[in-house]
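Hi,

Here is the structure I promised to pass on. Have a look at it first, and then read my notes underneath.

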Amino acid sequence: MGRPATQRKSEVRLGREVQARIGQQLRAMYDDVVSQGVPQNIADLVRRLSDQDDRVA
Amino acid sequence: MKLDPTIRDQVLATVPSLRAFAISLCGNIDRADDLVQETLLRALAHIDSFQPGTNMPAWLFTILRNLFRSEYRKRRREVEDADGRYAETLKSHPEQTGRVEFNEFRVALAKLPSDQREALILVGASGFSYEDAAAICGCAVGTIKSRVNRARTRLADLLAIDGVDDFGPDRATRAVLAGGGRS
């Protein structure tokens with residue numbers, strides 16, 4: 001705890017904190033899109049295709 | 001014969017993360033949605049080759065990735081530096097999240113080689129196991145692991161994350177300059 005930010009090495013060791021931070025940003029970016037759900041046109045497309053007798057487009 | 005509603009619901013349930021993956025590959029929402037639609041057309045036309053009870057997301061992601069790769073190869077002949085273009089499309093939407101730090105993360109992500117970016121997203125964001133990610137990408141599990149590790153190391157370098165400081169543009173620029181000379 002409280003280690004001063006004097007590690008000026010360009011070679012960054014991947015500590016747990018860094019990994020967690022990258023993972024957090026990655027998921028935030030991804031979940032931004034996931035939270036938009038299924039766009040209406042895509043939902044319609046899937047329903048239309050799955051109700052067809054012959055699904056081959 | 002109509003599609004089993006259970007299967008249809010599994011497909012629909014996968015769409016949100018399929019879009020997120022597509023956007024991370026294309027860097028462009030319109031192209032990503034075209035890719036998702038094309039993927040769904042192909043998947044539903046060949047739904048008989050999906051084995052019920054197996055991993056629907058992995059199956060759909062594999063189809064999408066293969067479609068993207070074949071399209072990417074075609075486009076690559078037209079425009080080199082697809083990764084650079086990806087970075088540009090991201091920079092043109094800086095207000096999307098309104099957070100500088102977040103946008104920097106996107107730009108850094110865009111600088112990764114596409115195979116590393118893809119592996120990192122599948123494992124770190126989509127939540128696939130290394131095994132599933134390897135199956136989706138058609139490579140060995142060890143290859144996925146090393147791509148994910150290299151992606152994380154490179155991102156940390158690009159963002160110059162070393163703890164307490166927040167990373168402003170100057171830090172990021174320095175990280176880019178320092179990042180070239182890895183042994």
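Helix 6 of chain B passes helix 7 of chain B in a right-handed crossing. This is a predicted model, by the way, so keep that in mind as you read on. The two axes, that of helix 6 (residues 114–124) and that of helix 7, come within 9 Å and cross at roughly 140°. With angles over 145 degrees counted as roughly antiparallel, this pair is therefore classed as oblique.

Which residues make the contact? On the helix 6 side they are B:Glu118, B:Ala119, B:Leu122 and B:Val123, and on the helix 7 side B:Tyr130, B:Ala133, B:Ile136 and B:Cys137. By type, seven of these residues are nonpolar, none is polar and one is charged. The spacing along each helix makes sense too: an α-helix has 3.6 residues a turn, so residues three or four places apart point the same way.

Helix 7 of chain B (residues 130–137) is worth a second look. Its buried residues are B:Asp132, B:Ala133, B:Ala134, B:Ile136 and B:Cys137. Right after helix 7 comes B:Gly138, with a positive phi near 65°. Among the elements of chain B, helix 7 also has the highest mean pLDDT, at 97.

Now to B:Leu25, which sits in helix 1 of chain B. Is B:Leu25 buried or exposed? It has 22 other C-beta atoms within 10 Å and a residue needs 20 or more to count as buried, so B:Leu25 is buried. Leaving aside residues up to four places away in sequence, B:Leu25 touches B:Phe68 and B:Glu118. B:Glu118 also takes part in the contact of helix 6 with helix 7. B:Leu25 and B:Ile121 are 96 residues apart in sequence, yet 9.5 Å apart in space from C-alpha to C-alpha.

Helix 1 of chain B also meets the other chain. Its axis and that of helix 1 of chain A (residues 16–34) come within 8 Å and cross at roughly 125°. These two helices are therefore oblique to each other as well, and helix 1 of chain A passes helix 1 of chain B in a right-handed crossing. Chain A brings A:Tyr30, A:Val33 and A:Val34 to the contact, where they meet B:Pro16, B:Ser17, B:Arg19, B:Ala20 and B:Ile23. The residues of this contact divide into six nonpolar, one polar and one charged.

Stepping back to chain B as a whole, it has nine helices and zero strands. Of its 183 residues, 37% count as buried. Of the contacts in chain B with a separation of 6 or more, 54% are between residues 24 or more positions apart.

Finally, a word on confidence. Chain B averages a pLDDT of 81, and 71% of the residues score at least 70. Helix 4 of chain B (residues 82–91) has the lowest mean pLDDT among the elements of that chain, at 53. Just after it, pLDDT stays under 50 over residues 92–98, for which the model has four contacts beyond four places in sequence. Residues 163–169 of chain B stay under 50 too, with 12 such contacts in the model. The model scores ipTM 0.72 and pTM 0.75.

Cheers

Key. Residues numbered from 1 in each chain as written. Chains lettered and ligands numbered in written order. Predicted model: local features only at pLDDT ≥ 70, side-chain atom pairs only at ≥ 80, totals over all residues. Axes fitted to C-alpha atoms, helices over the stretch in contact; angles between N-to-C directions. Helix = DSSP H or I, 4+ residues; strand = E, 2+ residues; numbered from the N terminus. Parallel < 35°, antiparallel > 145°, perpendicular 65-115°, else oblique. Left-handed = near helix turned anticlockwise from the far one by under 90°. Contact = placed C-beta atoms within 7 Å. Nonpolar A, V, L, I, M, F, W, Y, C, P; charged D, E, K, R; others polar. Buried ≥ 20, exposed ≤ 12 C-beta atoms within 10 Å, placed from the backbone. pLDDT = per-residue confidence, 0-100.
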